[in-house]
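Visitor: Could you take me through one part of this structure slowly? I am in my first year, so please explain the terms as we go.

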Amino acid sequence: MHFVRFAGSRLVKGVIVLFAIAVLNFFLIRAAPGDPAMVLAGQAGEADAVLLAQLRERFGLDQPLLYQLWIYLKGYATLDLGFSYRQEQPVLTLILDRLPATLILTGAAFIISLVLGVLLGALAARRAGRWSDSLITTIALIFYATPLFWVALMSQIVFALKLGWLPNVGYETIGAGYTGLSRVGDVAQHLALPAITLGLFFTALYARMMRASMLEVAGADFVKTARAKGLPPSIITRRHIARNAILPVVTLAGLQAGQLVGGAVLTETVFAWPGIGRLMFDALIQRDYSVLLGVFFVSSAMVVAFNLITDIVYRVADPRIEVAA
Amino acid sequence: MNFLKRFIRNRGAVIGLVILLAVMIFAVIGPTLFPQSPWRMVGRPFTAPFTMDRFPLGTDMLGRDIAAGLVHGARVSLLIGVISTIVALLIGVPLGAVAGYAGGFFDDVLMRFTEFFQTIPSFALAIVLVAVLQPSLASIVIAIGVVSWPPVARLVRGEVLSLRSREYVQAAVTIGQSTPRIIFSQVLPNTIAPIIVMGSLMVASAILLESSLSFLGLGDPNLMSWGYMVGAGRTRLLDAWWISFFPGIAIFLTVLALNLTGEGLNDALNPRLARGRK
């Protein structure tokens, strides 16, 4: 019963966040320069007068503001995120088409950075003060300061254009007609560079956190006890220190999921990865505000969903953790 | 003096400070070194770096001097980094102070508000804000400020919570000082050290954020910025790598320098923590 109430309260919180973002989007349309109907049509210059009249009618743009808000929110509640007059498709359709590619990219980057970051951080902490620690710490420091889009571009030059080890851009080889496993392999090859470059910054972040966390736990009383009763150091590190040190890192990683989605805009732009980040970039170029705000809403929804899942998994995995509901 | 000694003992921090000073000097004397507008086409397009004395770092696809762009970009990056951090502090510090000092209902509401901003993917929000408000120096600063204040608010709230029940604060209450005066003259001055540390790290992430925005074409169209230069060279990567390469190095060095300096400040201002961290 306790658990259901916990999950329920989290769900309500998530819905409130999404509601607030929808309200924010509504006001952002009004904040853009020019007639809201024009903004919704996604046209900077001359727009079709009939279309504009239709839009005014549909969104009640001649009605009081609160009524307009009501109509807008009703749209969002029924998953109607607007219509892209540039691409002549509903925004939701556009986004859903692109969503799987982004989920694959961010998912892969998340796993790579978490696994690599935890391993490197743990290794650095075990060797604290020695040269391998300095090496890992320095590398982490470097990638922590490197702009994501620049790493992506440079690795594109080196590994795709000059060395030719990996494909340059795109999601799969166009026209190759691979099916089954060979298609998975093809996508994985295309995925490698975007996922690794997107994950580098986060790898550095998690490695630094893991190292600090390991060193902190290493001073705890229960570690002293374990040492006093004569356990071998490798077991102490693995079972006592690493296991406890990993918790705050995973918590932070869960909270950072949003950053990953944001970073995907840059990576997808560089590698022409057909995800919602690339869609956002295209919408930006075309000043297609409906799509822009739609992507913003959906990526926020992704983060909310991800946080919700992390919270619940946590609660199940470790009942000690009382996440403030 | 103790503070300086502790700062100097951290080798990384000193290196960072030196790089940072170099970037600042370039930003200040830049216009004297390169009096012409960095947008001007001054040479033959696609001049490779280190081949002509006039253009040590080469020229881009329109024949603009890359070295001049870098120096002018330094001003823009530092300016935006510092101002947007100040904006974030101006939002975050009062909010955190009120939440921490008032407690109860206020604290609850303000922290929910903060959490909301932490949940939203910050880069996506920054993109949307700049796109909607139209790219300009002001909109970029606002967008970066709006997405970066939540950690400040949380930090200040935590500090204020722990200071609120100290004896000297109670003494101030007893002698009848007004609440704003207590917050400003008793509580906030004692939170300055961690705010300075966080601020220096925030300038670094603000510079990264600004460069990402202008890489996507959301920079102020009148200002030469490093991110814009990287983005402009993108289409000619294979035959003219230097157009994107050098501005990226400039961003990297500046951000690295700020991070190193920030960590050095942290160790010097909180010696107890620093020793524990090793």
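Visitor: At what angle do helix H4 (residues 104-119) of chain B and helix H6 (residues 137-164) of chain B pack, and how far apart are their axes?

Guide: Happy to help! A word on the model: it is predicted, so local features need pLDDT of at least 70 and side-chain atom pairs count only at pLDDT 80 or more, while totals for chains, interfaces and linings use all residues. Residues are numbered from 1 along each chain as its sequence is written, and chains are lettered from A and ligands numbered from 1 in the order in which they are written.

Now to your pair. H4(B) and H6(B) pack at an angle of about 140°, and their axes are 9 Å apart. Here the axes are lines fitted to C-alpha atoms, for helices over the stretch in contact, and the angle, on a scale from 0 to 180 degrees, is taken between N-to-C directions. Helices are DSSP runs of H or I with at least four residues, strands are runs of E with at least two, and both are numbered from the N terminus. The crossing is left-handed, a term for a near helix turned anticlockwise from the far one by less than a right angle (clockwise would be right-handed).

Which residues meet there? H4(B) brings B:Thr114, B:Phe117 and B:Gln118, and H6(B) brings B:Pro150, B:Ala153 and B:Arg154. Contact means that the C-beta atoms, placed from the backbone, lie within 7 Å. By class, this gives three nonpolar, two polar and one charged residues. Nonpolar covers Ala, Val, Leu, Ile, Met, Phe, Trp, Tyr, Cys and Pro; charged covers Asp, Glu, Lys and Arg; the others, Gly among them, are polar.

Let's step back to the chain around this pair. Chain B has twelve helices and zero strands. Its C-alpha atoms fill a box of roughly 75 × 45 × 30 Å along the principal axes. Of its 278 residues, 48% are buried, meaning that 20 or more other C-beta atoms lie within 10 Å of a residue's own (exposed is 12 or fewer, partly exposed in between, with C-beta atoms placed from the backbone). Among contacts in chain B between residues at least 6 apart in sequence, 69% join residues at least 24 apart.

Chain B also has a partner: 34 of its residues are in contact with 42 residues of chain A. On the chain A side, those residues divide into 32 nonpolar, ten polar and no charged. Chain A itself comes to 13 helices and two strands.

Conventions
Contact = placed C-beta atoms within 7 Å.
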